[in-house]
Amino acid sequence: MAYNAASHNIPGERTGPISGQPPPASDETKAALLDASKQDPAGQSAPGQDGGEKDVGQKVKSEKELAKERAKDEKLRKFQEKQAKLKTAPSTKPKESKKPKAEVEVIPEYIEETPKGQKKILKPLDDVHRKAYIPKVVESAWNDWWEKEGYFQPEYIDNKVKPAGYFVIPIPPPNVTGALHIGHALANSLQDALIRWHRMQGFTTLFVPGCDHAGISTQSVVENILWRREQKTRHDLGRPELVRRIWEWKGDYHNRINHVLRRLGGSYDWTREAFTMDENLSAAVMETFCRLHDEGLIYRANRLVNWCTKLQTALSNLEVDNKEIEGRTLMDVPGYDRKVEFGVLTFFRYPIDGSDEFITIATTRPETMLGDSGIAVHPDDDRYKHLIGKFAKHPFVDRLLPIFADTYVELGFGTGAVKITPAHDPNDFELGKKHKLEFINILTNDGFMNENTGSFKGQKRFDARYNVIAELKKLNLYDKWENNAMKIPLCNKSKDVIEPYLKPQWWMKMKGMAEQALAAVDDGRIKIRPETADRSYHRWLEGINDWCLSRQLWWGHQIPAYFIQMEGEAGDEANDASWVTAHTKEEAQKKAEAKFPGKKITLTRDPDVLDTWFSSGLWPFSTLGWPKKTLDLDNLFPTSVLETGWDILFFWVARMIMLSLKLTGEVPFKEVYCHSLVRDSEGRKMSKSLGNVIDPIDVMEGITLDKLNDKLHAGNLDPKELVTATKYQKTAFPQGIPECGSDALRFSLIQYTTGGGDIAFDVKVMHGYRRFCNKIYQATKYVLGSFEKYDANFVPQDAAKKTGKESLPERWILSRFNNAVAGVNEALTDREFSRSTQILYNYFYDELCDVYIENSKAIISDGTDEERRSAVETLYTCLEGALRLIHPFMPFLSEELWQRLPKRPGDKTPSITIAAYPKFDNELQDRESEEAYELILECSKGVRSLIAEYKIEGAKAYIHTTDTKTHKTASSQLQPIKSLSGKSISSIIVLSPTDAIPTGSAVYAVSTTAAVYLDVQGHVNIDEEISKAQQKMKKASDSAVKQRKLIESEEFKEKVSAAVQAEERKKLEEFEAVEGNYERTIAQFQTLKLEAAKE
């Protein structure tokens, strides 16, 4: 099918009119196709005639293109005759002025007339909005109807799942902080494809939607808005008012997220939507914390955390970005007017108490020396053996620092002496515990020096850095500085420099739970794909540390822990024994009184909230009702698949597995599939500061460059970042982003998913798949027109089965459809998403549209009643089945077109969403017909290819066959081969196995049993052609060598699926075939050259 160019508008321009129908096939072509439909070289079930499957290969020219060429030539001939007459005839008319060009039809803005929730009103396809494929027209109204009809709710039979079983995916909940990006669209596309596929296979399915409250992200955004608009902090408002405003803000952004998820076509059951702070999930959080604290897995301790002084909270490792620098670097730090120096190793001396000696220390954080409580040296370092057991005297505070030996110190590195600051360095923390050093905190929560820092008290930490160095110089204790490559930990919300900070917090013991989580993967209860993700999972869990649960925020689940203050006693908030946990304050009072009978007690609830990942870790079972016993939990747990990004494999996935095993005794899901990271077209990670974050809505609906720029300016980017981002958008999207629609976006994102490396996003690819949508749309319009042409009341037969009257092309396309069905089902089972889209694309584009539909036109127009009936039945089977096959990938387009098709007798299926997914049918499989028909296609392709290469008009061609079966097929199908070979060929002769191979010919190897020869003798310069052929043969040979190396590598054999290996082997065979063609052609030319020399 030709597409309608009018449907591919650029942003900001309206869709133009339909460009009209393509020219009809010539009488010669019709006759050839009709003749071919009546011939059958071997019969449908001839014994011993099974053929091997063979792909059509790369297209040269389709029959439709050839028909257009003939029509064009005829039009040119008539035009030339007319011009010749005009030249000989005198002019009798005055010259007329040129007529103005016809105005481009302006299509009015589309307004959907279907009432919300009702089944879509389908207007005629010649309607102004439906002549061409327009995504927003096709994709409107369906989702509201699907939801109202309850198609996305799990179907129970007597409170049990359907016989096929169940398939459940809980959405990885997006943060409620703002707009979704293209990574979310990728995840939604993969998850929804699996859900729709299983729903159509008869499973009880559930796709659980929901959002995460995203504690630190959400509070940070709202606090920034509060400051920009009102110049107020959260402390000015107070906790209740800030929380109220966050709930208000959350409602707006929550609705935006849900709009995008619906627009993407996600088949979520919105009646089961979850939010990590709704009533049931909050109850699950409280139950988990209390239960695990009572069991001793959660405990209170004073330990180091990642501390953000701007947000004044502890952070998880995921919320910390590490910026690598090569040496001295000046960086912006929030709260400082001047840039701060990093990447410098500062050397200074501590005086040894009671002597004139000094010991030299090097540090990248000079201000932390105010918290030093010891100095470590290696026990075998001769320079310092005499100092072990002595003390260094601190120059600024009244403190002696013990000098001790420990093999932790790397012998020979740096000065060999290491300052120990247990309260501000993770490694020093462990050494401090080991050697019983003093833990001295030098900072306040907001990053100022505290009372432990002497005269530096009240200074900002990085101001103190410079002042410490200045004072060391005054005391002649400063030595030097050197460049030092290092990583600077930054809060990814505030960009503040993270401080290791000693703080009483709640912690969870992880080692025992991690061992169980590893066992669940090792024994096969959970499968993690791809293999690289499995290895990362093991590596992380094998080196796991205890989990810090506390966050000093107001938005989130307030920790259900109460500090027990006994009258007359000093309490220690770091002591776990001074706390009780409970669901209510009344319950806490009873537990405290039982713990300390006879004491007068006052309870104070911990103001901190839990790490967001704590509630997210309960997601798979809390969304199904846990800790309550519910129908969903009984029937749909464990869930089936978790599809997510590999970057949160540890932070979220591993924790879900550990918590589920602990709390339910079950794994949370049976499979984890980690998709790749989406990068921009230049391979860079997507970032707001680069301007390369893509909003899925902009791809689906289109947006101009000006509006893309406006979005940047409406954000919170730094002016320098704004320049960079604007420049990128101008380069990447000079005309904006064209309207691609949801179906094209989904299909392209799934096509990208190979299970391998990162994805390089390119909007041109998305728009290319919009054209594919148009191909399907126009093909369906043609098929519907064919039904109308054949019989206005056409009703297909009651089942997709053969009648025995199918022509060779029909048997071929039915078998190819059956192969596509088998291939897509297998690919989805193996999670080879990209391969599934390739199969669908090849079937729709190359086989159904470009071959069978084109070949059916002449039969439906001029065939006998029996031939026409058979052709339209085959068209129906192959299109209707294909729409069901592609539905999980393109839900809107498939529903829109499927609803327009007539239904088989007795089929009352109301929607394609719950129609049966196609299954492989042995009756439709016909390898022999595939082989026979593909011989026709390949022979004609070979002739066209050789003519195109050597540019010979009126040439002679030969098809040399090497076995009887191939000879019989080629001979009986000679007429359609001629027709499909184009007008440039004068004759084609089929040679038997015993006939001599033609000389003086270029060669195209069709298969191991057939080759096409084009007579070039007297038409080409032999020496030049030999040289060209040798260059092309070398190129093909080099490609074959490279491909062979890939296939034979052990890594390829071990890591790549059997299906992909087969595809790569096929590529090798193609390279070898091309190489062989040129080798044989060169041999022919060499022979011709020798013969010419003899003459």
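Thr218, Gln219, Val221, Val222, Ile225, Leu226 and Glu230 of helix 6 meet Leu242, Arg245, Ile246 and Trp249 of helix 8, where contact means heavy atoms within 4.5 Å. By class, this contact of helix 6 with helix 8 comprises seven nonpolar, two polar and two charged residues; Ala, Val, Leu, Ile, Met, Phe, Trp, Tyr, Cys and Pro count as nonpolar, Asp, Glu, Lys and Arg as charged, and the others, Gly among them, as polar. The axes of helix 6 (residues 215-230) and helix 8 (residues 239-263) lie 10 Å apart, and the two helices pack at an angle of about 105 degrees. Helix 6 and helix 8 are therefore roughly perpendicular to each other, given that angles under 35 degrees count as roughly parallel, over 145 as roughly antiparallel, 65 to 115 as roughly perpendicular and the rest as oblique. Axes are lines fitted to C-alpha atoms, for helices over the stretch in contact, with angles from 0 to 180 degrees between N-to-C directions, and helices (H or I, at least four residues) and strands (E, at least two) are DSSP runs numbered from the N terminus.

The model is predicted, so that local features need pLDDT of at least 70 and side-chain atom pairs count only at pLDDT 80 or more, whereas totals for chains, interfaces and linings use all residues. Residues are numbered from 1 along each chain as its sequence is written, and side-chain values use heavy atoms, with hydrogens and water left out.

A second helix pair is formed by helix 22 (residues 741-752) and helix 25 (residues 833-862), whose axes come within 6 Å and cross at roughly 125 degrees, which makes helix 22 oblique to helix 25. Phe747, Ile750 and Gln751 of helix 22 make this contact with Phe833, Ser834, Thr837, Leu840 and Tyr841 of helix 25; five of the residues are nonpolar, three are polar and none is charged.

Strands 23, 22 and 24 form an open sheet in the order 23-22-24 with antiparallel pairing, two strands being paired if DSSP finds at least two bridges between them. Strand 23 (579-581) and strand 24 (601-605) are the edge strands, each pairing on one side only. Strand 22 (residues 561-566) is joined to strand 23 by three bridges, and Phe563 has Trp579 of strand 23 as its bridge partner. Helix 14 (residues 585-595) packs on the sheet, touching strand 22, strand 23 and strand 24, and its direction makes about 135 degrees with that of strand 24.
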